[in-house]
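Me: I am new to this structure, and I would like to learn how to read a few of its features. Could you take me through them slowly?

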Amino acid sequence: MAGIAKKENLAFSDENLTGRTQQLFFNPTEEENYTYYGNVDVDFNKRTSIDCTDLEARDLNQKIRDAMKKGYGTVVIKNPGAKHSLGVGILNKLNIIFEGSLGYFGIGCIDGPTVRVKGRVGWSCAENMMAGKVLVENNAGSCFGAALRGGDLIVKGNAGARTGIDMKGGTIIIGGKRWSIYWLHDAKRKNYCLRRC
Amino acid sequence: MCGIAGVINRKKTVNVGEQMRLMLQGLKHRGPDSTGYAMYGTPKKKGFVMRFKISENEAEKVNAVIDSPEQLKDRKSQVDAIMKKHGAKVTKQSSSTPYAFRYEFDFKGDLTDLATEIETVEKTEILSIGKGLELIKDLGDATTVADQYGLGKFMGTHGIGHTRMATESDVDIKSAHPYWAFPFEDVSVVHNGQLTNYWGNRRVLERKGYRFNSNCDSEIIAVYIADKMARGIELEQAMHDSLDELDGVFTYVVATKDQLGMAKDYMAAKPMVIYESKDIVACASEEVAIRNIFPHEIKTYDPYEAEVKVWQV
């Protein structure tokens, strides 16, 4: 018991954190505590569209951020052409509509946006998603919603193998007939696999 | 992290060379080392097409042993002599590079004997023999290889292809995919993944008398399928068997003169995207490859673990 009492004096509660990842960039008031630094107010009625035909993933993601900073609340992405890593890392309220299919690792690490994909998504869509809503109108690939922490993930078609692997929170709704959850090592273990065919 | 692709056009002959080039160019980022095509033209009623090489493409190697033109000429004449000895009559021959040749020939004897003897010539490897199959592989990306071998105008029904990122064996032609299932005409394989029981299986198959030209683990799938077919097992059944007997992570695509098949392992760890319609089936490691031949919106899906699919022309 003496040890615990001593711990309280060891400045665990009031020490100033140092180091790059723990640096305080801003002093949040209580109500701001629920938003990210650099968040912007967007107007959902303000709409813009971006043509993705000749854009790299990095450029497109930058353009989405630029539009967000200008106050556009609805961003329509045309011709995504199943490119990888589109629309990742958006930590803001935003309405994104992809008019086509996404490749691998689409809309990963998002926190907040509402996304509608009018096509199919590849591997690891919405990986590590924290909050928001994602609607996929076609099929989804493997590892759909891998490491999901929160938010709603809806696919109208089928989802691939290892759906929701490492999932810790949130909801995945599958409208199709097939998905598979477990990583199988052996045919005999198939009995343990939850699956609807 | 290789890239594989396959396309099959049902009941019609199209410019499959250009289709495959576009798909494989879209997969270049998955493997820039070498590119290979196995294309299926209209099957010949009489005679065979043989693709073979008599040397390596050593352009990128540090300690390259470059064969002199005299050596190449000598090897080619040895091959010609062996073909003559077996009664194979070469009707047409052409070459795109100093080391790779295409022969059309009439032959009635045993293909295994002929192929085995041709490969006794130093550094000579038969890439393919078939009535419709033409197998091309070389270093470089899809467009480089297609231009080098004049694939742009290849007319056919189906084809498979591979862009390679070498992980366990050398960057050269003999370790590049696709692999022909020696000595079965018109069977070829491309593979994405790693096989963990390669050496064990290889020893078993070597004892049965099968030949291995490289140390590339993918070669075993071609030999494995060939071994099954030699025992009269159907392609689809052989592919189902391979899921249990081959170990590791893999997705592979097999083509025969009128079929295209894909198999995915129990862990489903290697990607594959499939588009199926009445006229055409396309499968590739990534959807970007399929998008290169279908710019409009299409419905694609992922196969599940331990799934085997076979499509007919």
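Reply: What follows is a short conversation about one loop residue and some aromatic rings. This is a predicted model, in which local features need pLDDT of at least 70, side-chain atom pairs count only at pLDDT 80 or more, and totals for chains, interfaces and linings use all residues. Residues are numbered from 1 along each chain as its sequence is written, chains are lettered from A and ligands numbered from 1 in the order in which they are written, and side-chain values use heavy atoms, with hydrogens and water left out.

Me: Is Ala306(B) buried or exposed?

Reply: Buried means under 20% relative accessible area, exposed over 50%, and partly exposed in between, with a 1.4 Å probe and protein chains only. Ala306(B) has a relative accessible area of 14%, so this residue is buried.

Me: Which residues is Ala306(B) in contact with, leaving aside its neighbours within four places in sequence?

Reply: Contact means heavy atoms within 4.5 Å, and with those neighbours set aside Ala306(B) touches Leu243(B), Lys264(B), Asp265(B) and Tyr266(B). Tyr266(B) is 40 residues away in sequence, yet the C-alpha atoms of the two residues are 4.6 Å apart in space.

Me: Where does Lys137(B) lie relative to the ring of Tyr179(B)?

Reply: A charge sits over a ring if NZ of Lys or CZ of Arg is within 6 Å of the ring centre and within 35 degrees of the ring normal. Lys137(B) lies over the face of Tyr179(B), 4.4 Å from the ring centre, and in chain A Lys46(A) is placed over the face of Tyr72(A), at 4.9 Å.
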